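Student: Please take one part of this protein and go through it closely, strand by strand. I would like the pairing, the turns and the surroundings of individual residues in one connected account.

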Amino acid sequence: MTEPDAPEPTPEQAVLFARVRRLMLIAGLTTALAVAAVLIAVGYRLFRTEGSAVASDITTTLPKGARIVSTGVAGDRLVVTLDIGGSVEIRTFDARTLKPTGRLRFASEP
């Protein structure tokens, strides 16, 4: 058995086929561009090293008689409120490295 040959398209059909091919090319390029953008965004987020932090054990000493009143997080800072012999002190630490960044002491007026 022989398969029938496809008849030659008419000039209107040839124009329509060319238009469909052009539209398919545009859609394919747009899709490829979108997939590339997503892959670049995912790759950037995966290989960005700023967000990764190394776990560490750090011990800090408190003054004698001090107690921790509260702790909290403010942005990228860890905030610790201490009661030291009746006066209040706030110490801040970098949340990523846990290094001290500041100290605020409150004292009452005499």
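Tutor: What follows is a walk through the strands, after a short look at the whole chain. The model is a predicted one, and every value below is computed from it.

The protein contains 1 helix and 4 strands. Read from the N terminus, the order of elements is α-β-β-β-β, and the part to examine is the run of strands. For the setting, the radius of gyration is 34 Å, against a value near 13 Å for a compact globule of 110 residues. The C-alpha trace extends over about 105 × 35 × 20 Å along its principal axes. Only 8% of the 110 residues count as buried. Of the contacts between residues at least 6 apart in sequence, 12% join residues at least 24 apart. The exposed surface comes to about 9800 Å², with carbon and sulfur atoms supplying 63% of it. As for charge, the mean positions of the 13 positive and 11 negative charges lie 13 Å apart.

Now the strands, starting with β1 and β2. Strand β1 covers residues 66-74 and strand β2 covers residues 77-84; they pair in the antiparallel sense over 8 bridges. One end of this pairing can be followed through Ala66, which stands opposite Ile84 in β2. The two strands form a hairpin with 2 residues between them, and Gly75 in the turn has a positive phi of about 65 degrees.

Ile84 also serves to pass from this pair to the next one. Its bridge partner in β3 is Ser87. β2 and β3 are again antiparallel, paired over 8 bridges. Their hairpin has 2 residues between the strands, and Gly85 takes a positive phi near 55 degrees there. Strand β2 therefore pairs with β1 on the one hand and with β3 on the other.

The third pairing joins β3 and β4, antiparallel over 6 bridges. Here Phe93 has Pro100 in β4 as its bridge partner. The loop between β3 (87-94) and β4 (100-106) holds Leu98. This hairpin has 5 residues between its strands. Leu98 has a positive phi of about 60 degrees although it is not a glycine. Its relative accessibility is 31%, so Leu98 counts as partly exposed.

Individual residues fill in the picture, and β2 is a convenient place to begin. Val80 is found in strand β2, and it counts as buried because its relative accessibility is 12%, under the 20% cut-off. Leaving aside neighbours within four places in sequence, Val80 is in contact with Ile68, Ser70, Thr71, Glu89, Ile90, Arg91 and Phe93. One of these, Ser70, is 10 residues away along the chain, with 6.0 Å between the two C-alpha atoms.

Thr81 also belongs to strand β2. With a relative accessible area of 16%, Thr81 is likewise under 20% and so is buried. Beyond residues up to four places away in sequence, Thr81 touches Arg67, Ile68, Val69, Ser70, Val88, Glu89 and Ile90. In general, side chains in a regular strand alternate between the two faces of the sheet.

From Thr81 the contacts lead to Val88, which is found in strand β3. Outside the residues within four places in sequence, Val88 is in contact with Thr81, Leu82, Leu104, Arg105 and Phe106. Val88 counts as partly exposed, because its relative accessibility of 37% falls between the 20% and 50% limits. Thr31 gives a sense of distance along the model: it is 57 residues from Val88 in sequence and 60 Å from it in space, C-alpha to C-alpha.

Back in strand β1 there is Gly72. Gly72 is partly exposed, with a relative accessible area of 26%. Not counting residues up to four places away in sequence, Gly72 touches Arg77, Leu78 and Val79. Thr92 is 20 residues from Gly72 in sequence, and the two C-alpha atoms are 9.6 Å apart.

To put the part together: β1 and β2 pair over 8 bridges, β2 and β3 pair over 8 bridges, and β3 and β4 pair over 6 bridges.

Definitions and conventions:
Residues numbered from 1 in each chain as written. Predicted model: local features only at pLDDT ≥ 70, side-chain atom pairs only at ≥ 80, totals over all residues. Heavy atoms only, no water. Rg over C-alpha atoms; globule rule 2.2 N^0.38 Å. Buried < 20%, exposed > 50% of the residue type's maximum accessible area, 1.4 Å probe, protein only. Contact = heavy atoms within 4.5 Å. Areas by Shrake-Rupley, 256 points an atom, 1.4 Å probe, with all protein chains shown as cover. Lys, Arg positive; Asp, Glu negative; His and termini not counted. Charge placed at Lys NZ, Arg CZ, Asp CG, Glu CD.
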